[in-house]
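This report goes through a few local features of one protein model. Please keep the sequence and the structure in view while reading.

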Amino acid sequence: MLPYWIMFLLPAVLAGAAGPRKVKRQDRTLSIKLDGAILLVFVAIFVMIGFRFNVGGDWNNYAGHVEFARDMTFAEARDMGDPGYWVLVVIGVKSGLGILFVNLIASFIFTIGLVAYCGSMSRPFLALTCALPYLVVVVAMGYTRQSMAIGLVMLGLALLRRGGIYSFVLLALCGALFHKSAVVIIPIVAILRSRNRALKFLFAGAAGAAGYMTLVSDSLDHFMVHYVQAGYQSSGTLIRLVMNAIPAALFMMFHKRMDISGYERQLDLILSLLSLAALVGFFTTSASTALDRLALYLIPVQLFVFSRMPDVLARKAANKQPVVLGIIFYHALIMYVWLNYAANSYAWRPYFSYLW
């Protein structure tokens, strides 16, 4: 498990040493930080995800996709569900790299989105540290298709914080080419754009219906039958929903203390409310696996809120550092518990790579 801890410690050490960024743009948002240190973290995460071998709970399924696509044409790949993913699989087969090619592209897309999103935070290395235990290790190394969709959504969210509405929608739609569930995040744009509360709900419903009709109707029927109607219980769903709900609740409590633009505040308020609603839905519906999958797009709430907490809870610089260390310890504990005690963590241990 040493490679996981090295990957975790790299941004954690940088988070412990760095203070908050304060130089803001005219719209009161921060520019996306891309310096040598953050690029080093990018390379470490990209290599760990992209060059992994036989790591992740669905590894055999994805390897099976490569075998299934041996004689597949690009036209046939285009007609498959999640066509962007299947085109990558076909390219992997034709190039002779197979699953390695797919994983490298998926890792690049995911890591670009992660670094762009965290790089827009006041404490980018702390945000990256918060992403490691679950979003990187579990999601990016376990759900190849959805990791690409999440990466594109995070890139879109980084731009949406600066008012890039059309860029966000375009990136979310591109994400839907790899995993159609990405369209569920698009309705937040309709909510953001409307000042009338009734219209917010109307626009959100219309946007969601449009996304359903154009992109997910066929595969969502399968999704509903196998996950919702069957009442399938995803292992650890409650824990993952609580992980989103905790920072969501913290945001609701402390958002007025956060030095962020009004647009960012509104965006994170929506994401926080959705995170809390997902937790309520776990107890009031039988759609635990559906909520589990869809809640993956709400994980950015964790990164934003926890990276802001040191500056919210402490005013003096000397008092902020213990909060930073506490957040790092909390996420280190999450990774330790998951790697050692999660029901399916055996699929991640030990870590194997094509590079060694």
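## Backbone: a cis peptide bond

P350 is located in the segment that follows α16. The model is a predicted one, and in it the peptide bond between R349 and P350 is cis, with omega at about -10 degrees. Most peptide bonds are trans, and most residues other than glycine have a negative phi.

## Backbone: positive phi values

Which loop holds N54? N54 sits in the loop between α2 (36–50) and α3 (59–68). The phi of N54 is positive, near 55 degrees, although N54 is not a glycine. N54 has a relative accessible area of 39%, so it counts as partly exposed.

D82 is found in the loop between α4 (74–78) and α5 (83–95). D82 is a residue other than glycine, and its phi is positive, near 55 degrees. Is D82 buried or exposed? D82 counts as buried because its relative accessibility is 9%, and the cut-off for buried is under 20%.

## Cysteines

How many disulfides does the structure hold? The structure holds zero. C130, for example, takes part in no disulfide: the nearest cysteine sulfur belongs to C118 and is 8.3 Å away. A disulfide would need the two sulfur atoms to be within 2.5 Å.

C130 has a relative accessibility of 4%, and therefore counts as buried. C174 has a relative accessible area of 29%, so C174 is partly exposed.

## Cavities

A search of the whole structure turns up four cavities of 30 Å³ or more. The volume of the largest cavity is about 60 Å³.

Which residues line the largest cavity? The lining consists of Y134, R240, L241, M243, N244, D292, A295, L296, I299 and Q302. Helix α12 (residues 237–254) gives the largest share of this lining, with four residues.

## A nonpolar patch on the surface

Five side chains are worth locating on the surface: F329, L333, Y336, V337 and Y341 form a nonpolar patch there. Together these residues have about 550 Å² of accessible area.

One of the patch residues, Y336, belongs to helix α16, which covers residues 317–341. Y336 counts as partly exposed because its relative accessibility is 40%, and partly exposed lies between the cut-offs of 20% and 50%.

Definitions and conventions
Residues numbered from 1 in each chain as written. Predicted model: local features only at pLDDT ≥ 70, side-chain atom pairs only at ≥ 80, totals over all residues. Heavy atoms only, no water. Patch = residues over 30% accessible without salt bridge, like charges linked within 9 Å, V, L, I, M, F, W, Y side chains within 5 Å. Areas by Shrake-Rupley, 256 points an atom, 1.4 Å probe, with all protein chains shown as cover. Salt bridge = Lys/Arg side-chain N within 4 Å of Asp/Glu carboxyl O. Helix = DSSP H or I, 4+ residues; strand = E, 2+ residues; numbered from the N terminus. Buried < 20%, exposed > 50% of the residue type's maximum accessible area, 1.4 Å probe, protein only. 1 Å grid on protein atoms, 1.4 Å probe; cavity = no way out; pocket = protein on both sides within 12 Å on 5 of 7 lines; lining within 4 Å. Points joined across faces, edges and corners; volume = space filled by probe spheres on them.
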